[in-house]
Amino acid sequence: MEDAEQLNSFLVDVFGRINKIEERAMAGGLGSAVSITEIHIIEKIGDRDPERMSEVAGVTLATLTVACDKLVAKGLVRRVRSQEDRRVVNIMLTDKGRAAYEYHKDFHERMIASLVDTLSPEQTALLAQSLEKLQDFFRHEEAAVEGETNG
């Protein structure tokens, strides 16, 4: 059971540190505070810029609307009406938002490189398989919680 406790402690610590580092690094690079939710919304928009608000995955439309209002105020995101359908509002990154997106992407690339550079291909594959199982657990738990709140 000692290994399980150590793994739990490690995961809690790592997730907390990643979030803190991302928030601090982004705030330092942007000159203003950015929440972890806002960082990940920037990431999702940057991956598919421009994007309809309803198509940004991972958060509710209400959460996205509030976060986008804040990101617009911070000069990171702008809303643009679709030329094809004027009823549709797309969100896209500003130049400052694109810089934040690239900074965040670079952080993740450096984080992963620092890990896999020290592992053999077999160790990397085993780590990926283990983390995939953890991701499946999170998806299952998330679906269960969403089922409780929607049902």
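This is a short tour of the structure, stop by stop, with something to select at each one.

**Before you start**

You are looking at a predicted model, where local features need pLDDT of at least 70, side-chain atom pairs count only at pLDDT 80 or more, and totals for chains, interfaces and linings use all residues. Residues are numbered from 1 along each chain as its sequence is written, and side-chain values use heavy atoms, with hydrogens and water left out.

**Stop 1: the whole chain**

Show the protein as a cartoon. Five helices and three strands make up its secondary structure; these are DSSP runs numbered from the N terminus, with helices being H or I of at least four residues and strands E of at least two. Walking from the N terminus, you meet the elements in the order α-α-β-α-β-β-α-α. The C-alpha trace spans about 55 × 40 × 25 Å along its principal axes. Now colour by accessibility: of the 151 residues, 23% are buried. Here buried means under 20% relative accessible area, exposed over 50%, and partly exposed in between, using a 1.4 Å probe and protein chains only.

**Stop 2: the sheet**

Select strand 1 (51-52), strand 2 (77-81) and strand 3 (89-93). Together the three strands form an open sheet in the order 1-3-2, with antiparallel pairing. Strand 1 and strand 2 are the edge strands, each pairing on one side only. Two strands count as paired if DSSP finds at least two bridges between them, and strands 1 and 3 are joined over two bridges. Zoom in on Glu51 and you will find Ile91 of strand 3 opposite.

**Stop 3: the nonpolar core**

Keep Ile91 selected and add Ile42, Ile45, Leu76 and Val77: these five have the most contacts inside the largest nonpolar core, which has 18 residues. Such a core is a set of buried Ala, Val, Leu, Ile, Met, Phe, Trp, Tyr and Cys residues joined through side-chain atoms within 4.5 Å. At least two core residues come from each of helix 2 (36-47), helix 3 (61-73), strand 3 and helix 4 (95-116). Helix 2 gives the largest share, five residues.

**Stop 4: the largest pocket**

Switch on a surface and look for the largest pocket, with a volume of about 1,600 Å³. On a 1 Å grid over the protein atoms alone, a pocket is an open set of points where a 1.4 Å probe fits, with protein on both sides within 12 Å along at least five of seven lines; lining residues have an atom within 4 Å of a point. The volume is the space filled by probe spheres set on the points, which are joined across faces, edges and corners.

Select Phe15, Ile18, Leu134, Gln135 and Phe138, the closest to the pocket centre of its 32 lining residues. Helix 1 (2-30), helix 2, helix 4 and helix 5 (121-150) each give two or more residues to the lining, and the largest share, eleven, comes from helix 5.

**Stop 5: the aromatic cluster**

Keep Phe15 and Phe138 and add Phe137: ring pairs link these three into a cluster. Rings of Phe, Tyr and Trp (its six-membered ring) pair if their centres lie within 6.5 Å; planes under 30 degrees apart are stacked, over 60 edge-to-face, and the rest tilted. Phe137 and Phe138 are a tilted pair, 5.9 Å centre to centre with 55° between the planes. Phe137 is partly exposed at 45% relative accessible area, and Phe138 is partly exposed at 38%.
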